[in-house]
Amino acid sequence: MKNNIEEKINEIFDGLRPYLNADGGNIEFIKYDNGTVFVKLTGACGLCAYQDDTLELNILQALQDEIPEVKEVINVEI
């Protein structure tokens, strides 16, 4: 089940990536664990003052529309 969720997360990110790329950013999937998706925002998105809004209003919403098990998205600094 976890692998199916991870595959779906990557598919959703592939759909979002052109929008992030257009603003000079990107998103990297790190892992999925018990309803939490860990990502790394890179490029302009990693430095943006609005990254919390992007995570909650765009990325989390897109994930929850397709995967109701997702409860939160956390940007990690690696």
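This passage describes a three-stranded sheet, the helix H3 that packs on it, and selected residues of both, in a predicted model.

Three strands make up an open sheet, arranged in the order S1-S2-S3. The pairing is mixed. S1 and S3 are the edge strands, and each of them pairs on one side only. From one strand to the next, the twist averages 30 degrees. Helix H3 packs on this sheet and touches S1, S2 and S3. The direction of H3 makes about 140 degrees with that of S3.

The two pairings of the sheet can be taken in turn. S1 covers residues 25–33 and S2 covers residues 36–43. These two strands run antiparallel and are joined by eight bridges. Several facing pairs can be placed along them. Asn26 of the S1–S2 pairing stands opposite Thr42 in S2. Phe29 faces Val39 in S2. Tyr32 is set opposite Val37, again in S2. S2 and S3 run parallel, with four bridges between them. S3 spans residues 72–75. Here Phe38 has Ile74 in S3 as its bridge partner. Val39 stands opposite Asn75 in S3. Val39 is thus named in both pairings: it stands opposite Phe29 and opposite Asn75.

The hairpin of S1 and S2 has two residues between the strands. Asn34 lies in this loop. Its phi is near 50 degrees, a positive value in a residue other than glycine. Most residues other than glycine have a negative phi. Asn34 counts as exposed because its relative accessibility is 72%, and the cut-off for exposed is over 50%.

The two faces of S3 differ in cover. Val73 and Asn75 form the covered face of S3. Glu72 and Ile74 form the uncovered face. In a regular strand the side chains alternate between the two faces of the sheet. Asn75, in strand S3, has a relative accessibility of 16% and therefore counts as buried. The limit for buried is under 20%.

Helix H3 comprises residues 51–66. It has 16 residues and reaches 21 Å from its first C-alpha to its last. This span is close to the 22 Å expected at 1.5 Å a residue. H3 nevertheless has a kink of about 35 degrees, centred on Leu60. Leu60 is also one of the buried residues of H3. The others are Gln51, Thr54, Leu55, Ile59, Ala62 and Leu63.

Gln51 belongs to H3. At 15% relative accessibility, this residue is classed as buried. The side chain of Gln51 reaches the backbone oxygen of Cys45 at 3.3 Å. A further polar contact, of 2.9 Å, links the side chains of Gln51 and Asn75. Beyond its neighbours within four places in sequence, Gln51 is in contact with Leu41, Cys45, Gly46 and Asn75. Cys45 therefore appears both as a polar partner, within the 3.5 Å limit, and among the contacts of Gln51.

Asn75 is the counterpart of Gln51 on the strand side. Besides the 2.9 Å contact with the side chain of Gln51, the side chain of Asn75 has a polar atom 2.8 Å from the backbone nitrogen of Leu41. With neighbours within four places in sequence left aside, Asn75 is in contact with Val39, Lys40, Leu41, Gln51 and Leu55. Among these, Gln51 and Leu55 are buried residues of H3, and Val39 is the residue that stands opposite Asn75. Leu41 is listed among the contacts of Asn75 and among those of Gln51. Asn75 thus joins S3 to Gln51 of H3 through a side-chain polar contact, and both residues count as buried, at 16% and 15% relative accessibility.

Methods. Residues are numbered from 1 along each chain as its sequence is written. This is a predicted model: local features need pLDDT of at least 70, side-chain atom pairs count only at pLDDT 80 or more; totals for chains, interfaces and linings use all residues. Side-chain values use heavy atoms; hydrogens and water are left out. Buried means under 20% relative accessible area, exposed over 50%, partly exposed in between (1.4 Å probe, protein chains only). A polar contact is a pair of N or O atoms within 3.5 Å; within protein, one must be able to donate a hydrogen and the other to accept it, and residues adjacent in sequence count only if both atoms are side-chain atoms. Contact means heavy atoms within 4.5 Å. Two strands pair if DSSP finds at least two bridges between them. The expected span of a helix is 1.5 Å times one less than its number of residues. The bend at a residue is the angle between axes fitted to the seven residues ending there and the seven starting there. Axes are lines fitted to C-alpha atoms, for helices over the stretch in contact, and angles run from 0 to 180 degrees between N-to-C directions.
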